[in-house]
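This briefing covers two topics: the nonpolar core, and backbone angles in two loops.

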Amino acid sequence: QVRLVESGGGVVQAGGSLRLSCVGSVSGLSLYTMAWYRQCPGKQRELVASITSVGNTNYAESVEGRFTISRDNAKNTAYLQMNSLRPEDTAVYYCNARRLSTTGRTLNDYWGQGTQVTVSS
């Protein structure tokens with residue numbers, strides 16, 4: 001059974017920092033694109049940041065310059081360092097691992113259970 005387990009969420013004041021971690025039990029996780037999504041109540045899940053198997057990163061405009069995604073393939077772990085947090089960053093954050101074929105077709109797509117991040121003003 002494939003599992004992605006997030007940790008590191010919590011309550012922080014505006015301007016503070018949190019570091020989310022996502023540990024995967026997926027074999028060959030180094031071949032996957034890892035991503036963090038978030039979802040606020042009543043809203044659609046949105047992409048926050050992603051990192052490919054070769055380390056290319058992509059960020060939502062709203063977090064550019066404040067959040068940093070990274071990965072440690074030896075530990076099967078992806079991270080999201082979140083600095084200068086704002087109340088609007090409050091959401092459930094989900095880890096995603098996705099493997100694509102050479103033609104871009106999704107081969108595997110896994111999600112974690114989510115971790116709550118609350119930023120107080």
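Buried means under 20% relative accessible area, exposed means over 50%, and partly exposed is in between (1.4 Å probe, protein chains only). The model is predicted: local features need pLDDT of at least 70, side-chain atom pairs count only at pLDDT 80 or more, and totals for chains, interfaces and linings use all residues. Residues are numbered from 1 along each chain as its sequence is written, and side-chain values use heavy atoms, with hydrogens and water left out.

**Nonpolar core**
- The largest nonpolar core (buried Ala, Val, Leu, Ile, Met, Phe, Trp, Tyr and Cys residues joined through side-chain atoms within 4.5 Å) has 29 residues.
- Met34, Trp36, Val48, Phe67, Leu80, Met82 and Tyr93 touch the most other members of this core.
- At least two core residues come from each of β3 (18–24), β4 (33–39), β5 (46–51), β7 (67–72), β8 (77–82), β9 (91–100) and β11 (115–120); strands are DSSP runs (E, at least two residues) numbered from the N terminus.
- β9 gives the largest share, four residues.
- Leaving aside residues up to four places away in sequence, Phe67 is in contact (heavy atoms within 4.5 Å) with Arg38, Val48, Tyr59, Leu80, Gln81, Met82, Asn83, Leu85, Asp89 and Tyr93.

**Positive phi in loops**
- Most residues other than glycine have a negative phi.
- Asn76, not a glycine, has a positive phi of about 55°.
- Asn76 lies in the loop between β7 and β8 and is partly exposed, at 24% relative accessible area.
- Ser84 also has a positive phi, near 50°.
- The loop between β8 and β9 holds Ser84, which is partly exposed at 41% relative accessibility.
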